[in-house]
Every structure is written in C-alpha cells, then in structure tokens.
Amino acid sequence: MLPVLALTGVDKSFGAVAALRDARLELFTGEAHALVGENGAGKSTLVKILAGVHGPDAGQVLLDGAPVVFGNPGDARAAGIAVIYQEPTLFPDLSVAENIFMGRQPRRGLGRIDAAAMRARTSDLFARLGVRIDPDRPARGLSIADQQLVEIAKALSFDARVLVMDEPTAALSGVEVERLFAVARALRDDGAAILFISHRFDEVFALCQRVTVMRDGRWIVTDEIGNLTVEGVVRTMVGRDVSALFPKLATTPAEVRLEVEGLTRRGFFQDVSFTVRGGEIVALAGLVGAGRSEVARAIFGVDRYDAGEVRVDGRRLRPGDPPTAIAAGVALVPEDRRQQGLVMELSIERNATLPRRWALSRFGLLFGGSERRSAAQWARRLQVKAARNTDAVSTLSGGNQQKVVLAKWLSTAPRVLVIDEPTRGIDVGTKAEVHRLLSQLAAEGVAVLMVSSELPEVLGMADRVLVMHEGRLVADIPRGEADEENVMLAATGQREAAA
Amino acid sequence: MTAPDVRRRAVGPGGRAPTGESGARLVHRLFVVRELGILLALVLLVGVTFAVNQRFLSAQNVKDLLLGSTILAILAVGQAIVIITRNVDLSVGSILGLSAFATGVLFVDNPGVPIPVAILVGTALGAACGAVNGGLIAAARVPALVVTLGTLYVFRGLDHTWATGRQINAADMPPAFLRMGTATVAGVPVLALVAVAVLVVAGYLLKHYRSGRELYAIGSDPDAARLSGIAVGRRVFFAFLASGALAGLAGVLYAARFGTVDANAGLGLELNVVAAVVVGGVAIFGGSGSVYGAALGAVLLTTIGSALPVLGVTPFWQRAAVGALILAAIGLDRALAVRMARRLRGGTTRGT
C-alpha cells in the first residue's frame, strides 16, 4: 500500500542551523501516527514542510507516491492537508465562522458569500466537537482553549485526507481532549491519515497506531505502538552521547544568593520555590510551554507575578521592577536575543555598555572614550569576532551576538545571572565558549540560573537540575543523579520527584 | 487542570447556546453604532449650523457640499480598501494630479475625444500608478508607507516635468465635459452619484465576496492569512490597483469640476484622505472598518470645512477642529474596543 503522504530524505536549514537532516515520514490512510522528539528535534519544521510553509532544501514530499512541490500553504490545502498549528492563527477582527471558512466560504449566486450557510456549517462543526462558541462573535477575546477549538473546527471543515495536529491539546481540558480524540478517531476510521504531535505520552498511546521518533532533526525510528513503552520512547528521544564540550569547573557552593519562594503567576506557573547558591549553576529544564522562561522573566521583574517573592542575598525584590533587580545585582540574558537582548542597529560598543551608560557618563554626558575602552576590554575577554567594535550588532553571527549580550550584563558585575537558552541557534564551537564563560562566572561566585531545552547542556553544565512540567516544579535532581531519562520523564510529567 | 471541566457543560447537536444571539447582536450593533456615530456627528453639525444660518441648507449650498465631498469620498473609498489590508497609500494626491493633467492634455490634443474614453484613460492611468505601488510593495517587501511616500514625489515630479509650468484652462476642454462637473439629476450632482455608485460597488464587493473578505483577513493578521493559503501579495497588489484607479477616476472628475488644471492639482490631498478614512472608523492597523464609514468621514470633513466659517470660527481653527475630530474618532474606537472586549469576555464564551 502506498502512503498517502510521505517525506523522504528531507533537509532544511535556517541560516547556519540545520533543522532537518534526512527526515523521513510515511502516513497511511486510516492510521493515526505520532511524531515525538525533544524540543528542537525538528517536529514543527517538518509540519511546516508538510503544510507548504517552507520548501525542503533537499529531499521530496510524496503525495500518493508522486513527488509534489507545495509552493505555499494554499497548495498543501488543495492537496487535502489540514494543519492545526501549535500557535493559533486566527483573525481577531473577523467572526469565528469567517475564521473557519476564510478563503473557502460557501457561495451562492454570482459568487457571493452565503453567510447563512457558513454560519450553519460552523454550528454543525461545533456541535460535532460539542462546544458552544457563537459563530458570529469575533475571534478577538477568545480564550486560548477556544481559539484552539476554532482551529480544530477549521481543520475538520476541510474533509482533509491528512490531518496534522501540532500539539493541539496543550491548552485543552480533559473533556475537550476526549472530544477531539473521538472526532479524530472517526476521521481516521473514514480513511483520513492523522499526524499527531504531542509531549503527552498517554495521549499518544491512546490515539496512535504508530510512532516516529525524531532527534536533532533526524529520523530515528518508526514502530508500531504495541512494540513500545513510554520509557523506551523517551530513551530513544534523548539517546545520544553527552559530549565532553561542557567544561564545568568544580566549585564549592557558597551562601544562598537567590531565593524564590511560592512564585505564582496565574495561567503560567504555580508555587515555584527554589534557591541558587553563589558559585552554583542551576538548570531549569522542561518542555516548551512549561513556564520556565516566564519564571525567569518574573525573577528579573519584566513580568509581574500574583504571589510569592524573590530574594537576592536575603533582600526582597520589588515585583515587576527590573531597575531594582539590576541594582540588586540580577542580570537577565533573554531567550530571544534579537528582539529582547540587543538593539540590532547599534554598534557593539553601544550595546555592550547600555546597562552602564550612567556609570560611564560624566555630568550626564556620555563620552565615546569610556564606552570604547570598556567595550574593548569585554570584547577581548569574550573573544567576540568582529571587524570593529563600532560595527552594528546585526552584522555579527548568532554566537557572537550572544557574546555581546553576555558582555553587556557581565560588565555590570552581576551577583545573580539568569540566562534563558544560552546557546540556542549557536554553532558548536561558540557554544563551548559560552559554556566556558558561564562556568568561569560561577567560579567567580556568581549564582547562575540557566533555562535550557538542550539536555546535554543541562546535564553537562548544571550542579542541580530543576524540572518544570505544566507550570509546576516537579523535580530537583542533583548533578550526580541527573541523567537524560529521569529529566525527560519528569519533564513529560511521568515522574513526580520531590521538588 | 480538572476542576473547570466539571463546569464546562457541552451542548448536544442542534442545541444553540442561548448566549449565541446576544454575541451576534452585539457585533451587529457595534457595526451600526460605528457608522451611526459619524452620521450623528454629521447631522448634529448640519443642524447647529442650520440653526445659526438657514441658508446653510439651501439647495445651492447642499449641492456645493455634495460636490465638494465627491472627490475626497472617492479617494477615501480607495484608501479604505488599502488601509483595511494594513497598508497605506500616500501617493493618491499625486495620482489624482497626474490623471487630471492627463485628462486636460487629452482634450487639448484630441478635441473630439468622447467623454467616456477620457474617463477610461484617466482611470487606467491611475490604475497603472497603483500597479507600480502594488508591484513594489509585493515584490520588494518594502513597507507601503515608504514606497508610496516615494511614489508621491515621483508621480508629482512626472506631473511637473510633463506640465513644464503649463496650465490647462476651461476653454481647452469640451463644454459637455465641464457640464458633467456641474450637472444635476433631481437636484443631486452627477459627480456625487458617481461617488455613490463607486461606494456601493466597493462596499458590496468587500462584504459579500471572498476576495473582499480576504482583504480584511490580511489586515487582521498577515501571517495567519498566509497560513490560510491566501495569496497575500496578489490581494495587496489589487488593493493598490483599486486605490490607484479610483484616484485616477477622481482626477478626471477634478478636471471636469474645476476646469483649470496645473501640475499642483491635488497637492497634499493624501493626508485629508487618510484623515477621512480614520475619522470614518477604519482601523489604521487594518482588519476592520468599512468604505461606508470612510465615505461618511469624507463628507464630515468637507462639511466641517464649510460649516465652521458659517459658525463664525476663524479659518485658523479649522485645521485644529479636523485634528480634534481625528483624535475623537480614535478615542471612540478605543472606548468601543475596550467595551466590546469586556463584554465578549464576560458573557459569550463557553461554559456555565
């Protein structure tokens, strides 16, 4: 039997970062197929290739055994592929019914849109899903779960041959997930192929017949679900050598620097408590959406929180106030350095000295000389590779940009460094340099809290691994006991250790 | 995670949520309210001015008001189509100037040219200019603000180069063409009827056709529109084509109405047009509003222009009044949006 839809040998790179290398997938009619892998394994990129958002650099997409090229999402749709994306993609100004049928509105005479038919069909779809959303209300103001349900209704409205669901259940409650699965099973039994991406293994095992595991953009294995166990799948997801790239220097942890107690922000994280000592690197691991970055941002004061408190050296930080956090010696290196960490158009030296512009100025005026000297010193220490320190940051590679962000905060001599995804999108060589810097900082007595989705980095760098799952801290694993399996099991909610 | 599930009660097939209708009514009412607000402001303005000076509503003055609104209203319809897609067309004043001058030259060079041909030529010239805008924006992926700021100067420059200081006078144009500028049917100027026809057609296309709804989708969320398989580049191109064509048509009507055309026709008009569209309730970031609102905005701005002198307001204050109106319109939109968001959150989601 030919697969309805297949990928063979697909490569895809974004700049220097290879997202997919020789990715493979075969979907047959009447099967629900699970795609699992760690964060960054390339699942979402694969979905976007199936959906026609990206074209593959190499390899082929086969529809009914014949190669096809999807130039845009419209082509994939026309081929009968419906996709529910991880992030809802709704039009806030338009009605729910229009959102579902945009571009495919039912028509009556003279090509006019048949609004009544559109509304009726929307109501039917919602009835099938068992939800009550008014088809005429605008999508603006819908809760995340409702938005996801509208997306699902949209995908159902296609009568698709292939239904791709990229973590559709993240925002849904148990009842809604059950309904979605009932509908998905009905579609499957009618001969549709379903590709289901989820980190929730109970759902994978409840819905799917076959599982494909991806790691580092590569296809690893495809197998019948009956031959697999949760533990086996997890082992395959993470199974790789922890490279020796991470030179964590041995330190003797000093007194507690950062204390987080009962930190809660409704809808993001609940009751998060932990401490970080001077000289310690503590990793915050977990899946995307577990609330790790949100905790990091709350500690620094960029985001507010509803309850709990953050103390640095025993002194309480005022919530939602980054300047007091900076004054207390906290530095945050954000996840998205292009948007949040750097002013891309400014020069390296301007960026590197931004948080200290007052300290470097005399009589309120900023003279070039002091900026230049300070930046040159840090650029040297971090080995930033750039032609001139007056070049715009946007001309640098990702790794060197990250070094500028580090220089910017390190020059403030922080006592607590919160760093979110320190090496995302950075080549291997620079990664090691960033790790060396972090290790060196810890050796100097800085308390480092590192949010990271890369398990090798977490295991290689951290003195302790904290694991978050769905907004809660579920595990606190010391360096000696942490391995890929127990971190991953905790991150997917399979294991609850004492936090 | 499980606690809210208990409260979420599902409705069986066919069971309509009782909250369904109220949401629909709310949205419908809001649509009506937004255009109604401008209409009310217009009625109020006319009423007060009439109370001060009865001659304000004389047949002649009403005719002048309608004539005065016509060109701005046609431009506003085109601009609304563009702004709905989260773009802006700043070159409409220059396109109008170019088209008006071309119409004059056409009559000078070919005295026997039939009027419909002149209208077609002017509109086609405008459409060509719009195609340049749309093509640059779609192909080069440069923001419309920058592209049309550039073509604003380019088109005006072409106009100046072509005119070389020349002026085309009423005597150069056929009397029948000039009569079109002042003729009336049952007391309503023909030009105003043209504007109404443009408005009705544009409004109908935007509301009842897929291509029209896709313009709203693009303005509401361009990325989502792309993911929905909408040909964003092509639709935006056609929006600029429409705006250019309408500016071209407005140029022909300008020539017919004023009879005298030089290279400065329509200079600086683009900001009036954007003001009319914004006052008319079209969101500057796209996705919502209607051409009816934009046209009403144009009528309101024109009426203010002639009502304020009657009310004894010095001309110096007129611009400030227009500015205040824009701020009031934006404030009203904001207030409505906040109120709607609160209501939508409060009542019409699933549950309980």
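User: Among contacts in chain B between residues at least 6 apart in sequence, what share join residues at least 24 apart?

Analyst: This is a predicted model, where local features need pLDDT of at least 70, side-chain atom pairs count only at pLDDT 80 or more, and totals for chains, interfaces and linings use all residues. Residues are numbered from 1 along each chain as its sequence is written, while chains are lettered from A and ligands numbered from 1 in the order in which they are written. Two residues are in contact if their C-beta atoms, placed from the backbone, lie within 7 Å. For chain B, the share is 81%.

User: What is the mean pLDDT of chain B?

Analyst: pLDDT is the predictor's confidence in each residue, from 0 to 100. In chain B, 88% of residues reach 70 or more. The mean is 85.

User: Over which residues at the start of chain B is the pLDDT below 50?

Analyst: The stretch has 24 contacts in the model beyond near neighbours in sequence. Its pLDDT is below 50 over residues 1–21.

User: How many residues of each class, nonpolar, polar and charged, are in the contact of helix 12 with helix 13 of chain B?

Analyst: Helices are DSSP runs (H or I, at least four residues), numbered from the N terminus. Among the residues that meet are Ala275(B) in helix 12 and Leu301(B) in helix 13. Ala, Val, Leu, Ile, Met, Phe, Trp, Tyr, Cys and Pro count as nonpolar, Asp, Glu, Lys and Arg as charged, and the others, Gly among them, as polar. The contact has eight nonpolar, two polar and no charged residues.

User: What ipTM does the model score?

Analyst: The pTM is 0.75. The ipTM is 0.82.

Terms used
Helices (H or I, at least four residues) and strands (E, at least two) are DSSP runs, numbered from the N terminus.
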